[in-house]
Amino acid sequence: MNQLFVDQKSVHVLYAYRGMQKYMEQVLSYIKEGVLAGDYVILIENDRLYRMIEKELNGILTEEQMKFVHRVNSFDFYFSSGSYHPPAIEAYFNQMVQPYIEKNISFRSWAHVEWASMEEPLHLIEDFEKIVDGAVNQYSFPLICAYDGERMPDYLVKILMETHPYVLMDENFIHSDQYQSS
């Protein structure tokens, strides 16, 4: 997977994690590999998990390397307009990555996608993931979208398989046959 990020910067990955231990292993590996590759890492994460991730990263990365990790509060990111509204999230994201793009700085992103209830209108997630897929291709950067695989209804799985060209499940990294390019 890491070689793909080097060879083909535009990589949009669905990570359907099962269990917090696996999640932590993957996010820490992604950040470490990104920093070692010279990329800045934009980590969209909640407060509780970020504290755990930061603690682990402090034992893995130097103080200088930690400067390559840019954390964005996931609640602020997804609900910047007061609700889950894809155009507002897109505007927030574009503003966030603009300095990297203007200065031609290599970056990658990890977005933990979560919400209190799976009763949210799932079509909004589809709209958002299509927007994000376009951004990955436009700005040429790797992005992993992490969803709790145990909380994903079948309809959401279908949407996510259609909007992500690559899928990571545990240790398996595959190409999505259902992917429909935006």
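Serine 140 lies in the loop that connects helix 7 (122-139) to strand 5 (142-148), where helices (H or I, at least four residues) and strands (E, at least two) are DSSP runs numbered from the N terminus. Although serine 140 is not a glycine, its phi is positive, at about 55°, and the residue is partly exposed, with a relative accessible area of 35%; here buried denotes under 20% relative accessible area, exposed over 50%, and partly exposed the range in between (1.4 Å probe, protein chains only). The structure is a predicted model, in which local features need pLDDT of at least 70 and side-chain atom pairs count only at pLDDT 80 or more, whereas totals for chains, interfaces and linings use all residues. Residues are numbered from 1 along each chain as its sequence is written, and side-chain values use heavy atoms, with hydrogens and water left out.

A positive phi, near 55°, also occurs at asparagine 104, a residue other than glycine, which is found in the loop between helix 6 (86-102) and strand 4 (107-112). Asparagine 104 is exposed, with a relative accessible area of 72%.

The largest nonpolar core (a set of buried Ala, Val, Leu, Ile, Met, Phe, Trp, Tyr and Cys residues joined through side-chain atoms within 4.5 Å) has 32 residues, and those with the most contacts inside it are Ile42, Ile44, Phe77, Tyr78, Phe93, Met96 and Tyr147. Two or more residues are given to this core by each of strand 1 (11-17), strand 2 (40-45), helix 5 (74-78), helix 6, strand 4, helix 7, strand 5 and helix 8 (154-163), and helix 7 gives the most, with seven residues. Apart from this core lies another, of 27 residues, among them Leu4, Ile31, Ile144 and Leu168.
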